[in-house]
Amino acid sequence: MSFSIDRKSSDHFETIFSDPFYHIFLFEGNGTIVIDFTEYTFNGRIVLFSSPFQNIQIFSNDNTPIDILSFHSDFYCIEFHKKEVACNGLLFNNIYLFPYFTLNKELFEEIADYFLKIQKVDPKESFSHAVLQSYLQLILAICSKEKNKILPDKELAKDDFNELKSFQNLVEEHFLIEKNLSFYADLLHITPNTLSKKIKSRFNKTPSQIIQERVILEAKKQIHLTRKSIKEIALELNFNDEFYFSKYFKKYTGVSPTQFRKEVGISIVADLYK
């Protein structure tokens, strides 16, 4: 099914969970979240977002129940609907932002209520698809609005912000060619060790992880949003051959580029601007 809501105990996610769907996790408690091997601690009422074939683990100290809304891009294409909810790059597919945030009691209950309303919709009834899409769009819009209020940029001291923003800009400009930490440290006129400490402190991951994640994110975009061959994508991402690219991609995601395309599909966006 391309759209569903389920409830599972948090211990279900202590082993790595990964599939071709987008997910919204809603839960309360405290513990640790691991996404693509980066560890975060959580405490309170949490909404967590994941994209296809991200590797997810959740370790809750009190074995909390977790509600999961899952949808395939065939059901709701976040790229196609980007103007309505602005969730792509904010809730999903951003290596620089935390994948979750805390909600106040009112917002948490509002989203939980939409989850309940979704469960009451009979998918066999007329217009049920439109109703379900509308509920999903509301949830995404509410969460996008809330996350936009708490973006990390607003929390950073000015000096740190300038340095970290410069690092992000440099990664965006050079990640296809330059994957070496010292290259970025030299451009920022700081030592690699200092840069690593600052990046690790802010993003919970090393500069090398960020560069690798940026390559994988670009690969996912190309596989999902274009009809380019895997060989063409490998060349554009500066891999010497398709085999090495496939090995690199599978090591990070758990699936080959071909399998990723087969299960996630090619977005309708791929044909919009031909």
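Tutor: Let us begin with a definition: a residue is called buried under 20% relative accessible area, exposed over 50%, and partly exposed in between, with a 1.4 Å probe and protein chains only. This is a predicted model, in which local features need pLDDT of at least 70 and side-chain atom pairs count only at pLDDT 80 or more, while totals for chains, interfaces and linings use all residues. Residues are numbered from 1 along each chain as its sequence is written, and side-chain values use heavy atoms, with hydrogens and water left out.

Student: Why is Y244 called partly exposed?

Tutor: Y244 has a relative accessible area of 44%, and because partly exposed covers the values between 20% and 50%, Y244 belongs in that class. Y244 is placed in helix α9 (residues 242–253), where helices are DSSP runs of H or I with at least four residues, strands are runs of E with at least two, and both are numbered from the N terminus. The C-alpha atoms of Y244 and A234, ten residues apart along the chain, are 8.6 Å from each other.

Student: What makes H189 exposed, and in which loop is H189 found?

Tutor: The relative accessible area of H189 is 72%, and because this is over 50%, H189 counts as exposed. H189 is found in the loop between α5 (181–188) and α6 (192–203), and its phi is near 60 degrees, a positive value in a residue other than glycine.

Student: Why does N63 count as partly exposed?

Tutor: N63 has 42% relative accessibility, which lies between the two cut-offs, and therefore N63 counts as partly exposed. N63 sits in the loop between β4 and β5, with a positive phi near 50 degrees, again in a residue other than glycine.

Student: What makes β2 and β3 a pair of strands?

Tutor: Two strands pair if DSSP finds at least two bridges between them; 13 bridges join β2 to strand β3 (residues 38–50), so the pair meets the definition, and the two run antiparallel. T32 stands opposite T41 in β3, and in the hairpin of these strands, which has two residues between them, D36 takes a positive phi near 50 degrees.

Student: Which other strands are joined to β2, and by how many bridges?

Tutor: Five bridges join β2 to the antiparallel strand β5 (residues 65–71), where L26 stands opposite D67. Five bridges also join β2 to strand β4 (residues 56–60), likewise antiparallel, and the bridge partner of I35 there is I56.

Student: Why is β2 described as mostly covered?

Tutor: Twelve of the 14 residues of β2 (residues 22–35) are buried, that is, they fall under the 20% cut-off. Helix α7 is also mostly covered, with 14 of its 19 residues buried.

Student: How do you know that the span of α7 is close to the expected one?

Tutor: The expected span is 1.5 Å times one less than the number of residues. For α7 (residues 207–225), with 19 residues, this gives 27 Å, and the helix reaches 26 Å from its first C-alpha to its last.

Student: What is the average pLDDT of the chain, and where is pLDDT below 50?

Tutor: The chain averages a pLDDT of 91, with 96% of the residues scoring at least 70, pLDDT being the predictor's confidence in each residue from 0 to 100. Over residues 154–159 the pLDDT is below 50, and this stretch has seven contacts (heavy atoms within 4.5 Å) beyond near neighbours in sequence. Where pLDDT is low, the predicted coordinates should not be read in detail.
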